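The following exercises are to be worked with the sequence and the coordinates at hand. Each task is followed by a solution in steps.

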2 protein chains.
Amino acid sequence: MKRPPEIAITRLAMYLRLLEDYAREKDSKSAINSTELAQLLDINPHQIRKDLSYFGKFGERGLGYRIEELKEKIRRILGLDKQWNLCICGMGNLGSALFAYRGFKAMHLAVVAGFDNDPHKIGREYNGAKIYRTKSISSMVKKLGIEMAIIAVPASTAQSIVDALMKSGVRAILNFAPVSLVVPSNVKLRNVDLSAELVHLTYFLSAPK
Amino acid sequence: MKRPPEIAITRLAMYLRLLEDYAREKDSKSAINSTELAQLLDINPHQIRKDLSYFGKFGERGLGYRIEELKEKIRRILGLDKQWNLCICGMGNLGSALFAYRGFKAMHLAVVAGFDNDPHKIGREYNGAKIYRTKSISSMVKKLGIEMAIIAVPASTAQSIVDALMKSGVRAILNFAPVSLVVPSNVKLRNVDLSAELVHLTYFLSAPK
């Protein structure tokens, strides 16, 4: 199987979201073809077929895709068919904001712990998850079965936190700290880079019309 | 001039960041060629030349790019050579976290106002910028010359805030609310979609090795 590009994964998630909304609205219809799906997404139907082709055979000639089956298959491909345990490192404004994020639940992501060094925060509970001292990362990762982590600490301490997480077996990290982190190839790192987003806005405002 | 794709803008910002770091370290060197630049970025030199070619002629045969000149040109292309006035809508945990973001200054972005409906927050100052009631968006946008906005309000109110901003002349918006916003083609909208990032992690963790 050829390895799909990252953008194909982004699009699969988009297809899934659309199918979920679509199924909610038109519950009588049980199938959709790639042309209809493409129209709803304002995208080329070839693209949809290609993105799906990385993961096997989908759909039936003349009928299209059975909606429930396609949703289930995409969920399984994306790892959204089971629960993952997540921790949030850094309980400042951003970390606290993330604790309140409602999207985790829809993705079956369970925030099971937060980490911080502030004695006033340690021991407190947010949405049922406790805050632990940063030093206890390795023991708590093992104890709670943490598989994913979000980094919301300052740039200066982000790499050392990530090192502790990886040492304990965490293999998927979403980083909000404005710093380039180093991880080995068996660890997945995604960065939310605010300045990279903002530069598209300054470019747009200053580009000649 | 052919319109550059969005990804070329992302890469230009990356080139600029590298050149700034590079210039800091090796201040004796005044020029760099696309092969050297490509090596530092682990990218194809053709890509660099193509990305720059959207914006005119760069570099000299045999010499490469004069570093200071290239930095200045990229800054101008990206709109980073002047100050833009920015507001943050929604002063919950996320909005407050954004107020403390240090990257704005490096991009010459001035956060000149925050907006919220909470009477306890209205009138307070964060880093020298005042919080105003949401109802006063249109008057304050004009008074303070606000050109860009960050949306950190709940999904349910995001579109109405964006409508008010656009009506007052704001043309560049960064959205953190988990909702698809509708804007006309003369307004630039970028979305920071947390669930789209997280799905890359769940996919990675569940993909066959």
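**Exercise 1. Describe the side of chain B that touches chain A, in number, elements and residue class.**

Solution. The model is a predicted one.
- Step 1: count the residues on each side; 40 residues of chain B are in contact with 40 residues of chain A.
- Step 2: assign them to elements. Two or more residues on the side of chain B come from each of α1 (6–25), α5 (93–99), β8 (172–175), β9 (188–191) and α9 (194–206).
- Step 3: find the main contributor, which is α9(B) with 13 residues.
- Step 4: sort by class; this side of chain B has 24 nonpolar, ten polar and six charged residues.

**Exercise 2. Determine how the two copies are related and whether they meet through the same surface or through different ones.**

Solution.
- Step 1: superpose the chains. A turn of 180° with a shift of 0.0 Å along the axis lays chain B on chain A, at an RMSD of 0.0 Å.
- Step 2: interpret the operation; the two copies are thus related as by a two-fold rotation axis.
- Step 3: compare the interface residues. Of those in chain B, 100% are also interface residues in chain A, so the copies meet through the same surface.

**Exercise 3. Identify the domains of chain A and the distance between their centres.**

Solution.
- Step 1: read the bounds; domain 1 covers 6–77 and domain 2 covers 84–196 of chain A.
- Step 2: take the centres over C-alpha atoms, which are separated by 32 Å.

**Exercise 4. Decide where the buried residues of α4(A) lie around the helix axis.**

Solution.
- Step 1: list the buried residues of α4 (residues 67–77) of chain A: Leu70(A), Ile74(A), Arg75(A) and Ile77(A).
- Step 2: look down the axis. These residues fall within an arc of 160°, so they line one face of α4(A).
- Step 3: recall the helix geometry; an α-helix has 3.6 residues a turn, so residues three or four places apart point the same way.
- Step 4: inspect what comes just after α4(A), where Gly79(A) takes a positive phi of about 75°.

**Exercise 5. Locate the best-connected residues of the largest nonpolar core and list the contacts of Leu86(A).**

Solution.
- Step 1: the largest nonpolar core has 120 residues, and those touching the most other members are Leu86, Ala149 and Ile151 of chain A, together with Leu86, Ala149 and Ile151 of chain B.
- Step 2: set aside neighbours within four places in sequence. Leu86(A) is then in contact with Phe104(A), Leu109(A), Ala110(A), Val111(A), Val112(A), Ile146(A), Met148(A), Ala149(A) and Ile150(A).

**Exercise 6. Classify Tyr132(A) as buried or exposed and describe its surroundings.**

Solution.
- Step 1: place the residue; Tyr132(A) is in strand β6 (residues 129–133) of chain A.
- Step 2: apply the cut-off of 20 or more other C-beta atoms within 10 Å. Tyr132(A) has 20 such neighbours inside 10 Å and therefore counts as buried.
- Step 3: without residues up to four places away in sequence, Tyr132(A) touches Ala113(A), Phe115(A), Ile122(A) and Met140(A).

**Exercise 7. Characterise Asp42(B) and Asn127(B) by phi, location and exposure.**

Solution.
- Step 1: read phi, which is positive for Asp42(B), near 55°, and for Asn127(B), about 50°. Asn127(B) is not a glycine.
- Step 2: find the loops. Asp42(B) lies between α2 (34–41) and α3 (45–53) of chain B, and Asn127(B) between β5 (125–126) and β6 (129–133) of chain B.
- Step 3: count C-beta atoms within 10 Å; Asp42(B) has 6 others and is exposed, and Asn127(B), with 11 others, is exposed.

Terms used
Residues are numbered from 1 along each chain as its sequence is written. Chains are lettered from A and ligands numbered from 1 in the order in which they are written. This is a predicted model: local features need pLDDT of at least 70, side-chain atom pairs count only at pLDDT 80 or more; totals for chains, interfaces and linings use all residues. Copies are superposed by least squares on the C-alpha atoms of residues with pLDDT of at least 70 in both. Two residues are in contact if their C-beta atoms, placed from the backbone, lie within 7 Å. Helices (H or I, at least four residues) and strands (E, at least two) are DSSP runs, numbered from the N terminus. A residue is buried if 20 or more other C-beta atoms lie within 10 Å of its own, exposed if 12 or fewer, and partly exposed in between; C-beta atoms are placed from the backbone. Domain bounds come from an automatic or database domain assignment. Ala, Val, Leu, Ile, Met, Phe, Trp, Tyr, Cys and Pro count as nonpolar, Asp, Glu, Lys and Arg as charged, and the others, Gly among them, as polar. A nonpolar core is a set of buried Ala, Val, Leu, Ile, Met, Phe, Trp, Tyr and Cys residues joined through C-beta atoms within 7 Å. The arc is that of the directions from the helix axis to the C-beta atoms.
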